[in-house]
Amino acid sequence: MDSPEPDRCRGVLHPAHAAELISVERLVPAAEVARFVEFYWLVRWDLTGHPPYEQKVLAHPNVHLVFEAPRARVYGVDRSLFVRRLEGAGHVLGVKFRPGAFRPFAGHPVGDLADRSVPAADYFGPDVDRINARILDEPTAERADDFLRPRLPEPDPVAEEVAAMVERITGSPDLCRVDESARELGLSVRRLQRLFAEYVGASPKWVLRRARLHEGAERASAEGKLDLAALAVELGYADQAHLTRDFTAAVGVSPARYAGST
């Protein structure tokens with residue numbers, strides 16, 4: 001199994017410990033599916049003889065379709081801390097939709113799914129539960145492609161524009177405020193907020209903040225000892241206290257404590 005590239009696991013808390021218990025593989029979708037899907041992810045674990053383990057994740061602004069036992073489910077953007085309890089042995093295959101790309105599948109604002117998961121049958125029909133078992137028997141990109149290909153909606157140009165917006169503002173350390181992002185994208189703040197509510201399922205402010213917290217958590221995991229004042233400036237926070245408040249609210253511990261526990 002290929003080792004995941006560093007950016008694949010961004011958002012996974014305590015990644016070194018997780019890697020001892022969980023294997024992650026990223027699978028590439030077919031070209032026609034890739035217009036909607038960022039990638040597939042296959043997670044396997046074997047905790048036989050070990051206590052259950054809770055994996056915590058700072059989620060990204062993406063909707064996921066997850067083939068898992070006993071039923072496939074669709075997960076909206078989790079704006080808090082996603083926690084998955086793992087026990088025994090098992091695996092799941094996930095579909096990570098591009099930001100905004102689930103809107104054509106949903107037929108309604110993606111904000112309605114925020115912080116929720118629902119049976120995949122709600123969007124893909126009752127056949128998904130039968131196909132779920134087949135995909136878990138053979139969790140490959142080809143199987144996932146075969147499921148999605150006949151169910152692809154007509155492309156939505158606005159969804160593709162929104163995906164580009166998310167990529168622009170999350171990949172630009174100089175963009176720290178919603179009004180700055182709106183100006184950069186040539187939109188009013190209100191228009192940007194409406195597009196994100198409709199297509200992303202999280203506000204522009206949340207997306208900006210979450211991108212900074214991903215960077216902060218990754219740095220803490222990699223470096224161990226942090227210069228929090230310098231990191232706060234680098235991430236666009238007004239001061240170290242603001243970074244600490246945001247990080248603690250999202251992760252549950254301060255960045256200094258998190259760095260010391262990785």
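# Notebook: one predicted chain

**Overall form.** I began with the radius of gyration. The chain has 262 residues, for which a compact globule would come near 18 Å, and the chain has 19 Å, which agrees. I note here that the model is predicted. I then took the box along the principal axes, and the C-alpha atoms fill roughly 50 × 50 × 25 Å. For secondary structure I found 12 helices and eight strands.

**Burial, surface and charge.** I looked up how much of the chain is buried, and buried residues make up 46% of the 262. The accessible surface comes to about 12,800 Å². Carbon and sulfur atoms account for 50% of that surface. Of the contacts between residues at least 6 apart in sequence, I found that 71% join residues at least 24 apart. I also looked at charge: there are 34 positive and 39 negative charges, and their mean positions are 5 Å apart.

**Helix α5.** I went to residues 141-148 and listed the buried ones, which are Ala-141, Ala-144, Asp-145, Phe-147 and Leu-148. Looking down the axis of α5, I found these buried residues within an arc of 160 degrees, so they line one face of the helix. The spacing fits the general rule: an α-helix has 3.6 residues a turn, so residues three or four places apart point the same way. What does this buried set of α5 pack against? I found four strands and two helices on the list: β1 (22-27), β2 (37-46), β4 (64-67) and β7 (89-97), with α3 (121-124) and α4 (127-137).

**Val-95.** I followed one of those strands, β7, to Val-95, which is found in it. Val-95 counts as buried because its relative accessibility is 0%. Leaving out residues up to four places away in sequence, I found Val-95 touching Val-37, Phe-39, Tyr-40, Trp-41, Val-63, His-64, Leu-65, Phe-67 and Leu-148. Leu-148 is also one of the buried residues of α5. I checked Val-95 against Pro-29 as well: they are 66 residues apart in sequence, and their C-alpha atoms are 9.3 Å apart in space.

**Leu-47.** Next I looked in the loop between β2 and β3 (53-57), where Leu-47 has its place. Is Leu-47 buried or exposed? It counts as buried, at 3% relative accessibility. Not counting residues up to four places away in sequence, Leu-47 touches Leu-21, Tyr-53, Leu-86, Glu-87 and Gly-88. I also took a long span: Leu-47 and Ala-256 are 209 residues apart along the chain, and 29 Å separates their C-alpha atoms.

**Helix α7.** I listed the buried residues of α7 (residues 178-185) and found Val-178, Ser-181 and Ala-182. They cover an arc of only 100 degrees around the axis, which puts them on the same side of α7. I looked for what covers these buried residues, and the cover includes α6 (157-170), α8 (189-200) and α9 (204-223). Just after α7 I came to Gly-186, which takes a positive phi of about 75 degrees.

**Pro-119.** I found Pro-119 in strand β8. Its relative accessible area is 18%, and the cut-off for buried is under 20%, so Pro-119 is buried. Leaving aside neighbours within four places in sequence, Pro-119 is in contact with Arg-71, Ala-72, Arg-73 and Val-74. I then took the distance to Ser-181, a residue of α7. The C-alpha atoms of Pro-119 and Ser-181 are separated by 35 Å, with their places 62 residues apart along the chain.

**Backbone oddities.** I checked for cis peptide bonds and noted the one from Ala-69 to Pro-70, with omega near 0 degrees. Pro-70 is found in the loop between β4 and β5 (73-75).

I then looked at positive phi outside glycine. His-14 has a phi near 50 degrees, and it is found in the segment before α1 (15-21). With a relative accessible area of 27%, His-14 is partly exposed. Asp-115 has a positive phi of about 65 degrees. I placed Asp-115 in the loop between α2 (103-106) and β8 (117-119). Asp-115 counts as partly exposed, at 40% relative accessibility.

How values were computed
Residues numbered from 1 in each chain as written. Predicted model: local features only at pLDDT ≥ 70, side-chain atom pairs only at ≥ 80, totals over all residues. Heavy atoms only, no water. Buried < 20%, exposed > 50% of the residue type's maximum accessible area, 1.4 Å probe, protein only. Arc of directions from axis to C-beta. Contact = heavy atoms within 4.5 Å. Rg over C-alpha atoms; globule rule 2.2 N^0.38 Å. Areas by Shrake-Rupley, 256 points an atom, 1.4 Å probe, with all protein chains shown as cover. Lys, Arg positive; Asp, Glu negative; His and termini not counted. Charge placed at Lys NZ, Arg CZ, Asp CG, Glu CD.
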